[in-house]
Amino acid sequence: MRLSILIYHRVLPSPDPLLPGLPDVRQFDRQMGILRRGFHVLPLSVAIQHLHRGTLPARAAALTFDDGYADNAEYALPILLRHGLSATFFIASAYLDGGQMWNDHVIAYARRNKMSVHQLDDMLRQLKYLPFDARQRVAESLAPTADPCLMLRSHQVKALAAAGMEIGAHTHQHPILSRMGDDDARLDIARGKAVLENITQRAVSLFAYPNGKPGLDYDQRHVGMIADSGFKAACSTAPGVAYEGSDLLQLPRFTPWEPDRLRFLLRLLEQRRHGV
């Protein structure tokens, strides 16, 4: 009994050479067709209930999106609905309604200066683990102007929920929790949950750790904070599949990088077979 939880971030209108790891609408549509035909795709909350009870169906999978980009509503949602699939959207609430995350300031700088993918990736790695405020200052100094259409708006969050999608929390400001003091971490976790519950008028019971590497980006202190905040389950970015008995507050997930249909399917099957 295994549950594959897939991670997405964005679905682009067309391929972007600077962001080769992100699917465009055609690629995402093909991937959703494969999932619909070959897997039992469940809403994450439903899949977790079955996992806990030991009643998970064969070839079970769940879809998740991190961060809260507007293209989730503009491009991903219509494709999901066309295939009859549900997904969970983990949203960093500070960037709703015109905000922008630090990495997108860096991407804008790289695009303006015609940097290569390798150069961009190197810059992102150098900045990622700076203290939160310092990282934000450096990123905004590189490209001060935010794209007001990049992230979800509150009405789009409501539209996702109304369409049957699940809304999960991803902290408020998307910090690396392990680089924060405990009080600040608790506050950011709680604020993200409260903002989303105010928008949707529904309880938010699912969480995803920002960046999400266990032992590096968060530790057991933060798992305890998630439990204390009332979340029923939480996702990491540790690669693998979930089993009966998996820690529901540290569920592993998988990123489907493969660009063509056959390799996408083979990767999913290989991942389920070996659990990594």
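**View 1. The largest nonpolar core of the predicted model, centred on Leu63 and Leu80**. This core comprises 48 residues, and Leu63 and Leu80 have the most contacts inside it. Helix H3, spanning residues 71–83, gives the most to the core, contributing five residues. Apart from this core lies another one of 17 residues, including Leu3, Leu51, Phe90 and Ala242.

**View 2. The surroundings of Leu80**. When residues up to four places away in sequence are not counted, Leu80 touches Phe28, Met32, Leu63 and Phe65. The other residues that Leu80 touches are Leu85, Ala87, Phe89 and Met165.

**View 3. The packing of helix H1 against helix H3**. Two packed helices are described by the angle between their axes and by the distance between those axes. For H1 (residues 25–38) and H3, the axes come within 10 Å and cross at roughly 30°. An angle under 35 degrees counts as roughly parallel, and H1 and H3 are therefore roughly parallel to each other. Their crossing is right-handed. From H1, the residues Val25, Phe28, Asp29, Met32, Gly33 and Arg36 meet Tyr75, Ala76, Ile79, Leu80, Arg82 and His83 of H3. Classified by type, the contact of H1 with H3 contains seven nonpolar, two polar and three charged residues.

**View 4. Ser116 in the loop between helices H4 and H5**. The loop that holds Ser116 lies between H4 (102–112) and H5 (117–128). Ser116 counts as partly exposed because its relative accessibility is 32%, a value between the limits of 20% for buried and 50% for exposed. The C-alpha atoms of Ser116 and Glu244 are separated by 43 Å, and the two residues are 128 residues apart along the chain.

Conventions
Residues numbered from 1 in each chain as written. Predicted model: local features only at pLDDT ≥ 70, side-chain atom pairs only at ≥ 80, totals over all residues. Heavy atoms only, no water. Core = buried A, V, L, I, M, F, W, Y, C linked by side-chain atoms within 4.5 Å. Buried < 20%, exposed > 50% of the residue type's maximum accessible area, 1.4 Å probe, protein only. Helix = DSSP H or I, 4+ residues; strand = E, 2+ residues; numbered from the N terminus. Contact = heavy atoms within 4.5 Å. Axes fitted to C-alpha atoms, helices over the stretch in contact; angles between N-to-C directions. Parallel < 35°, antiparallel > 145°, perpendicular 65-115°, else oblique. Left-handed = near helix turned anticlockwise from the far one by under 90°. Nonpolar A, V, L, I, M, F, W, Y, C, P; charged D, E, K, R; others polar.
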